[in-house]
Amino acid sequence: MHVVITTLPGDGIGPDVVAEGTKVLQAVGQRFGHTFELHSALIGGCAIDATGTALPEETLRAAHKSDAVLLGAVGGPKWDNPEAKVRPEQGLLGIRKALGLFANLRPVTLHPRLVASSPLRPERLQGVDLLVVRELTGGIYFGDKRREKNDNGEEWALDTCTYTTGEIERVVRAAAAMARGRRGKLTSVDKANVIETSRLWRSVTTRVMHEEFPDVALEHILVDACAMYLISRPAAFDVIVTENMFGDILTDEASMLAGSMGMLPSASLGAVTSKNGARMGLYEPIHGSAPDIAGQDIANPLATILSVALMLRYSFGLEEEARAVEEAVYATVDAGTVTRDIATPDEQPSSTSAVGTAVAERVAVA
Ligand code: IPM
Ligand code: MG
């Protein structure tokens with residue numbers, strides 16, 4: 001297989017971890033006989049510095065022409081002013097929208113060594129294996145916004161949240177298909193007791209599931225209760241589907257189940273198929289740009305490497321290759337070759353590049 005991948009290292013530790021992701025990709029290519037043609041482009045703060053915009057035309061063109069995108073992270077104190085006209089986050093939101101990536105998959109699993117790093121008691125974490133499917137191109141993130149002054153000079157602001165039936169249907173279908181391949185349970189999260197878009201969400205979800213996925217068990221829960229259940233009974237969840245902002249908030253909460261954000265990958269998928277027959281997707285670690293440790297070769301590259309595994313699986317249909325990467329990651333962690341965020345007190349932490357190399361070597365020889 002020959003595929004074209006755009007890499008968007010971005011800011012902070014983005015370049016550190018993307019370098020390790022591509023190292024592992026090359027190892028997969030060698031072992032399984034694939035060619036991964038990589039092209040790097042600018043996004044976020046570094047793009048603002050170089051071009052004045054967080055998502056340059058050239059980056060978007062490169063992404064459109066490729067089979068998948070691997071992203072590091074965007075943002076940092078240098079561009080932190082929320083009042084600024086151009087902000088790094090616009091790059092991320094812009095590329096998700098432009099590529100039509102409406103389904104954001106955020107799996108949360110727990111490696112046994114991380115149980116101690118989670119703020120939750122170990123018995124609560126037993127059996128945690130959930131997948132949040134977050135709607136990514138609609139809702140309040142992309143609705144009309146305004147900021148004005150009223151007649152007596154007081155400032156007021158407005159954000160609007162809209163969802164169409166079609167936007168709900170497609171993400172629910174994507175989530176239900178995932179549930180079918182897992183434990184057959186889908187939890188739809190909304191605020192249907194208050195919000196109109198949530199009422200539409202609930203009725204569309206009920207219909208789609210009834211008509212197309214009668215074999216998948218469906219439950220509806222309110223977002224506030226979901227926040228509580230994620231802590232009180234996290235192992236009861238299989239697949240969660242929810243709208244954009246609820247998904248943003250709940251996935252940060254869910255990441256704490258895994259002990260470290262440094263281990264969690266994500267995939268954003270759309271309906272578009274590239275020229276090569278790949279399902280276009282954007283893959284990124286869920287952690288941010290961690291500017292305080294950027295460029296020091298100490299960031300944990302495993303979330304990015306696990307995102308590469310998701311790319312192999314979802315965009316290219318390379319299940320065996322995806323598993324090879326995941327197994328190499330777990331073996332590397334088991335061997336104690338880990339960065340300081342997950343090293344135990346008696347372990348000598350390894351560098352970012354040493355961890356990446358250890359995974360790549362395991363992939364190459366396995
Ligand atoms: C995420 C992030 C982004 C979001 C920010 C950086 C715009 O929090 O991917 O979860 O809110 O979607
Ligand atoms: Mg977030």
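In this predicted model, a polar side-chain atom of D248 lies 2.9 Å from an oxygen atom of ligand 1. Two arginines make comparable approaches to the ligand: a side-chain N or O atom of R106 is found 2.9 Å from a ligand oxygen, and for R134 the corresponding separation is 2.9 Å. On its own, ligand 1 would expose 320 Å², of which 73% is buried by the protein.

Who else belongs to these surroundings? The residues around ligand 1 are E89, R96, R106, R134, Y141 and D248. Sorted by class, this shell holds five charged residues, one nonpolar residue and no polar ones. Y141 is the nonpolar member, as tyrosine is counted in that class.

Attention now turns to the helices. A pair of packed helices can be described by two quantities, the angle between their axes and the distance between those axes. Helix α1, which spans residues 14–32, packs against helix α11, residues 319–334, at an angle of about 130 degrees, and their axes are 11 Å apart. Angles that fall outside the parallel, antiparallel and perpendicular ranges count as oblique, so α1 is oblique to α11. The crossing of these two helices, α1 and α11, is right-handed.

Helix α11 also has a partner in helix α10, made up of residues 302–315. Here the axes come within 7 Å and cross at roughly 160 degrees. Because an angle over 145 degrees counts as roughly antiparallel, α10 and α11 are described as roughly antiparallel to each other. What is the handedness of the crossing in which α10 passes α11? That crossing is left-handed.

Key: Residues numbered from 1 in each chain as written. Chains lettered and ligands numbered in written order. Predicted model: local features only at pLDDT ≥ 70, side-chain atom pairs only at ≥ 80, totals over all residues. Heavy atoms only, no water. Near = heavy atom within 4 Å. Polar contact = N/O pair within 3.5 Å; in protein donor to acceptor, adjacent residues only side chain to side chain. Areas by Shrake-Rupley, 256 points an atom, 1.4 Å probe, with all protein chains shown as cover. Axes fitted to C-alpha atoms, helices over the stretch in contact; angles between N-to-C directions. Helix = DSSP H or I, 4+ residues; strand = E, 2+ residues; numbered from the N terminus. Parallel < 35°, antiparallel > 145°, perpendicular 65-115°, else oblique. Left-handed = near helix turned anticlockwise from the far one by under 90°.
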